[in-house]
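Trainee: Could you take me through one part of this protein up close? I'd like to know what sits there and how far to trust it.

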Amino acid sequence: MSDTYEDIINKKRPVHENDDFSVRHPKMSREDRAKIFAPFAALKGYEEALEESSKDESIN
């Protein structure tokens, strides 16, 4: 591993208690965090297009 990030790799998470940051950004629940990182359909209609193309190929 290069030493590019050696100074930060083992740092602990910052703790914000009753400071400006914690007032503006209260801690999220696990459920709310999960919603942010849940998979989503980035391309609208992509799945339908795949199904159509596979149907077309099976006909030929």
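Mentor: Let's look at serine 22 and then at a surface patch. Residues are numbered from 1 along each chain as its sequence is written. This is a predicted model, where local features need pLDDT of at least 70, side-chain atom pairs count only at pLDDT 80 or more, and totals for chains, interfaces and linings use all residues, while side-chain values use heavy atoms, leaving out hydrogens and water.

Okay, serine 22 is in helix H1 (helices are DSSP runs of H or I, at least four residues, numbered from the N terminus). Serine 22 counts as buried because its relative accessibility is 18%; buried means under 20% relative accessible area, exposed over 50%, and partly exposed in between, with a 1.4 Å probe and protein chains only. Across the protein's 60 residues, 2% count as buried. Leaving aside residues up to four places away in sequence, serine 22 touches His16 and Glu17 (contact means heavy atoms within 4.5 Å).

Now step back to the segment before helix H1 (20-24), where isoleucine 9 lies. Isoleucine 9 has 48% relative accessibility, so it counts as partly exposed.

How far to trust this? H1 has the highest mean pLDDT among the protein's elements, 90, and helix H3 (residues 46-59) the lowest, 81; pLDDT is the predictor's confidence in each residue, from 0 to 100. The protein averages 82, with 88% of the residues scoring at least 70. Where pLDDT is low, don't read the predicted coordinates in detail.

Key:
Helix = DSSP H or I, 4+ residues; strand = E, 2+ residues; numbered from the N terminus.
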